[in-house]
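Me: Hello! Could you give me a close look at a single part of this predicted model, and show me how that part sits within the whole? I am a first-year student, so please go step by step.

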Amino acid sequence: VPTHSFDAFIIGGGIIGISVALELRRTLRNVAVIDRSQPGREASYAAAGMLNVIDVTEPPQFSSFARLSAQLYPAYIDDIRSSTSFHIDFQRDAALSIGGEARGERLDETEVANLEPVLATGGQPVYRIVEDWVDPRTLMPAAIDCAKHREIHFVTGSEVTEVVMQRDSVQGIKTERTTYAAGLVINCAGAWSERIRGAHTRSRPVKGQMVSLLPAGESIRHVIRAKDPDVYMLPRQGGLVAVGATVEEAGFDKSADPDTARSLHAAAAKVVPSLAQARIHQTWSGLRPASPDDLPVIGPTAVRGYFIAGGHYRNGILLAPATGHVIAQLVAGDECTLDLAPFSPQRFK
Ligand SMILES: Cc1cc2nc3c(=O)[nH]c(=O)nc-3n(C[C@H](O)[C@H](O)[C@H](O)COP(=O)(O)OP(=O)(O)OC[C@H]3O[C@@H](n4cnc5c(N)ncnc54)[C@H](O)[C@@H]3O)c2cc1C
């Protein structure tokens with residue numbers, strides 16, 4: 001017998017779960033987010049926060065989805081800011097790419113020296129890209145605080161073990177101790193999505209390690225993405241530089257090792273030589289939620305009232321606003337702005 005009843009239950013309090021909850025709360029009264037530990041402490045805490053619209057050609061729906069989300073970002077940040085006093089570190093139009101494919105405006109040496117004096121180009125072309133970035137460690141607490149102000153209910157330290165269904169309709173969710181009734185359940189459990197009984201989705205973890213550096217002198221001002229060596233870095237509060245990232249199929253292991261930290265540091269110092277003297281401030285890792293074909297998994301399942309929002313892999317911070325947006329449209333039965341066919345959870349049979 002269910003002890004509590006909600007309009008919508010969201011499994012997972014990462015950036016995806018919180019964004020979905022904020023959108024659903026616009027029309028639904030009783031919305032709850034459940035997390036097996038503290039919300040916002042998994043992949044969404046480990047992420048770099050580049051809002052990088054990757055121009056992949058296959059499937060074209062992915063680029064449309066990424067572009068929509070990048071467009072929604074400024075309004076998404078403003079909306080969160082309107083219900084919290086927490087600071088969000090969000091910067092507009094501040095990315096440089098070095099040695100990569102031609103994208104954006106090509107800069108000459110003088111322009112590079114003015115914009116980013118610490119960068120060593122080594123004669124490689126540098127492009128200025130119209131792209132924003134956000135520090136996820138400031139975004140997550142702000143988004144959670146905003147959700148609380150909007151009376152979204154949080155259940156923390158409680159692991160969902162089963163999505164409960166009867167005939168072809170969702171009834172709610174089960175944890176070890178409690179059953180919650182809900183006519184609407186959204187699985188946003190990231191890399192762990194498939195491990196819930198009745199999940200109807202697929203997921204696997206892809207580990208990413210990062211390091212933050214404390215420069216001895218001047219810090220960077222932009223996101224810098226380099227091709228050779230393949231490394232990226234972002235400015236963080238306090239003059240820190242976040243450097244990433246590895247892409248490892250290592251199961252649910254989340255350890256960060258000193259050798260990897262050293263090689264990320266060395267790669268960063270090739271692009272920004274003054275970082276050779278920087279101190280390693282922190283190392284960490286996170287588990288990106290990937291699907292068997294590495295595309296997002298977004299949409300309805302065969303079970304009425306039960307939806308998936310997962311598989312955001314390397315782009316979940318970017319894709320969060322558009323994910324909330326399309327899930328709200330699907331739930332309302334509205335026509336969807338985007339063609340979500342390639343992302344259907346029902347493609348895994
Ligand atoms: C090193 C690194 C760098 C990255 N850089 C970027 C970047 O620059 N830009 C970008 O857009 N993306 C980036 N990403 C990807 C991004 O972090 C993810 O795509 C995104 O955070 C996924 O969000 P999520 O909410 O699905 O997952 P998560 O943040 O992992 O949240 C899932 C939540 O579900 C909870 N949960 C799991 N199972 C259960 C259960 N059974 N019951 C209850 N709760 C459960 C977990 O505790 C967790 O809080 C990066 C990732 C990593 C690791």
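Reply: Among contacts in the protein chain with a separation of 6 or more, 73% are between residues 24 or more positions apart. Keep that in mind, and remember throughout that this is a predicted model. Buried residues make up 57% of the 349 residues in the chain. Seven helices and 20 strands are found along the chain. Its radius of gyration is 21 Å, close to the 20 Å that the globule rule gives for 349 residues, so the chain is as compact as a globular protein of that length. Along its principal axes, the C-alpha trace spans about 65 × 40 × 40 Å.

Now for the close look. I have picked an open sheet of six strands, arranged in the order 9-3-2-13-20-19 with mixed pairing. Strand 9 (153–156) and strand 19 stand at the edges; each has a single partner strand, so one side of each is left without a neighbour in the sheet. From one strand to the next, the twist averages 20 degrees.

A little background helps here. Strands of a sheet pair through backbone hydrogen bonds, and the pairing can be parallel or antiparallel.

Let us start at the strand 9 edge. Strand 3 (residues 31–35) runs parallel to strand 9, and four bridges join the two. To find one on your screen, look for alanine 32: its bridge partner in strand 9 is histidine 153. Next to these strands you will meet helix 1, which packs on the sheet and touches strand 2 (8–11), strand 3, strand 9, strand 13 (185–187) and strand 20 (306–310). The direction of helix 1 makes about 165 degrees with that of strand 2.

What joins strand 2 to strand 3? Four bridges do, and these two strands run parallel. Alanine 8 has valine 31 as its bridge partner in strand 3, while isoleucine 11 stands opposite isoleucine 34 in strand 3.

Here is a rule that is useful for looking at strands: in a regular strand, the side chains alternate between the two faces of the sheet. In strand 2, Ala8 and Ile10 lie on one side, with Phe9 and Ile11 on the other. Those four residues are all buried, and both faces of the strand are covered. Strand 3 can be read in the same spirit. Val31, Val33 and Asp35 point one way, Ala32 and Ile34 point the other way, and all are buried. Since five of the five residues of strand 3 are buried, this strand is largely enclosed by the rest of the structure.

Back to the helix that packs on the sheet. Is helix 1 mostly covered or mostly uncovered? It is mostly covered, with nine of its ten residues buried. The buried residues of helix 1 are Ile15, Ile16, Gly17, Ile18, Ser19, Val20, Ala21, Leu22 and Leu24.

Helix 1 also leads us to another helix. Helix 1 (15–24) is one of the elements covering the buried residues of helix 3, and others include strand 4 (90–91), strand 8 (133–134), helix 5 (136–149), strand 19 (297–300) and helix 7 (316–332). Strand 19 is an edge strand of our sheet, which makes helix 3 a good place to look next.

Helix 3 runs over residues 60–81, which is 22 residues. From its first C-alpha to its last it reaches 32 Å, close to the 32 Å expected at 1.5 Å a residue. Even so, helix 3 has a kink of about 45 degrees at tyrosine 73, shortly before proline 74. Both of these residues are buried: the buried residues of helix 3 include Tyr73 and Pro74, along with Phe62, Phe65, Leu68, Tyr76, Ile77 and Ile80. A general point may help you read such a list: an α-helix has 3.6 residues a turn, so residues three or four places apart point the same way.

To put it together, trace the sheet in the order 9-3-2-13-20-19, find helix 1 packed on the sheet, and then follow helix 1 to helix 3, whose buried residues it helps to cover.

Conventions. Residues numbered from 1 in each chain as written. Predicted model: local features only at pLDDT ≥ 70, side-chain atom pairs only at ≥ 80, totals over all residues. Heavy atoms only, no water. Expected span 1.5 Å × (residues − 1). Bend = angle between axes of the 7 residues up to and from the residue. Buried < 20%, exposed > 50% of the residue type's maximum accessible area, 1.4 Å probe, protein only. Contact = heavy atoms within 4.5 Å. Pairing = 2+ DSSP bridges. Axes fitted to C-alpha atoms, helices over the stretch in contact; angles between N-to-C directions. Rg over C-alpha atoms; globule rule 2.2 N^0.38 Å.
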